[in-house]
Amino acid sequence: MEPVESIIFIRKRWMPCQMLAYGFKKEWDGYVLKKSFCNGDFLAILSVDTRGQITGQVIDTMTQEDYEPLRQEHSHGAYVNMVRSAYEELLNDVAASCCQNVLFASPQANRLAQAIVADFQVTPDFPWKDSSRYQSYGAFRHSSNRKWFALIMNVKRSVLTRDKDSRPIDVLNIKIRPEEADALHAVPGIYPAYHMNHRLWISVVLDDTLPDEKIMSLVQTSYQLTR
């Protein structure tokens, strides 16, 4: 069961001044908010680290323990659904009060999106915006033939690295010349494309491993190859 915090805050940028005004407390490793809900029966503890990643904890104030049914996919009684709804309402209020909407999760993805808009005069569309799993997938398309030349996705790092690293990461899928595939696959931050032909497409991790200028050069090639 995907954490509700990940779904609500996936394309949000935290605004520190607004966080403090809302009630967050600054700590050495980020910000923490403690807020009761459901008439004081539950306490939400929200922690935002220095990278902007949020984790949430819901405490039953009677037992002073984690309210475990909240995270259990098979729990669907009237009471737990009421608590879930109230917690989601709280999270949405925090998002509206403390965050700014952005197109993508990572700073580099948002910088590159701005560069693509400026260079190619196209804005991303989100074909799967109604899907909680794929809602953050943004495609940049040619205005003439509607073929996409760049696709930014938020996936688990492990789908590229083939290890157990389940941290979410923005990646960019772009087309390449097949004769350049082996050389590009050897570059740190570049992988055979996720869900695409490995000889024709690559996935670039958008965690600043590669500079924006290098990635935009690859985007230019993809643009030309997909015209």
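## Close-ups of a predicted model

**View 1. Strands β3 and β4 sit side by side in this predicted model.** Look for β3 (residues 30-37) and β4 (residues 42-49): they run antiparallel, and 8 bridges join them. To spot one of these pairs, find Leu-33, whose bridge partner in β4 is Leu-46. The two strands make a hairpin with 4 residues between them. In that turn you'll meet Cys-38, which has a positive phi of about 55 degrees.

**View 2. Follow β4 onward and you reach another hairpin, this time with β5.** Here 7 bridges join β4 to β5 (residues 54-60), and the strands run antiparallel. Ile-45 stands opposite Gln-57 in β5. Again there are 4 residues between the strands, and Gly-52 in the turn has a positive phi of about 90 degrees.

**View 3. Five strands line up as an open sheet.** Reading across, the 5 strands come in the order β8-β9-β10-β12-β11, with antiparallel pairing. Which strands stand at the edges? They are β8 (138-141) and β11 (190-192); each has a single partner strand, so one side of each is left without a neighbour in the sheet. From one strand to the next, the twist averages 25 degrees.

**View 4. Zoom in on β10 and β12 within that sheet.** Strand β10 covers residues 168-175 and β12 covers residues 201-205; they run antiparallel and are joined by 5 bridges. Try finding Lys-175 here: its bridge partner in β12 is Trp-201.

**View 5. Two helices, α4 and α7, lie across strands of the sheet.** Helix α4 (residues 107-120) lies across β8, β9 (148-156), β10 and β12, and runs at about 170 degrees to β9. Helix α7 (residues 212-225) lies across β9, β10, β11 and β12, at about 45 degrees to β10.

**View 6. Here α4 meets α7.** Two packed helices are described by the angle between their axes and the distance between the axes. For α4 and α7, the axes come within 11 Å and cross at roughly 45 degrees. That angle makes α4 oblique to α7. As for handedness, α4 passes α7 in a right-handed crossing.

**View 7. Which residues in α4 and α7 meet?** On the α4 side, look for Gln-108, Arg-111, Leu-112, Ala-115, Ile-116, Asp-119 and Phe-120. Facing up to them from α7 are Asp-212, Ile-215, Met-216, Val-219, Gln-220 and Tyr-223. Sorted by class, this contact has 8 nonpolar, 2 polar and 3 charged residues.

Note on methods. Residues are numbered from 1 along each chain as its sequence is written. This is a predicted model: local features need pLDDT of at least 70, side-chain atom pairs count only at pLDDT 80 or more; totals for chains, interfaces and linings use all residues. Side-chain values use heavy atoms; hydrogens and water are left out. Two strands pair if DSSP finds at least two bridges between them. Axes are lines fitted to C-alpha atoms, for helices over the stretch in contact, and angles run from 0 to 180 degrees between N-to-C directions. Contact means heavy atoms within 4.5 Å. Angles under 35 degrees count as roughly parallel, over 145 as roughly antiparallel, 65 to 115 as roughly perpendicular and the rest as oblique. A crossing is left-handed if the near helix is turned anticlockwise from the far one by less than a right angle, and right-handed if clockwise. Ala, Val, Leu, Ile, Met, Phe, Trp, Tyr, Cys and Pro count as nonpolar, Asp, Glu, Lys and Arg as charged, and the others, Gly among them, as polar.
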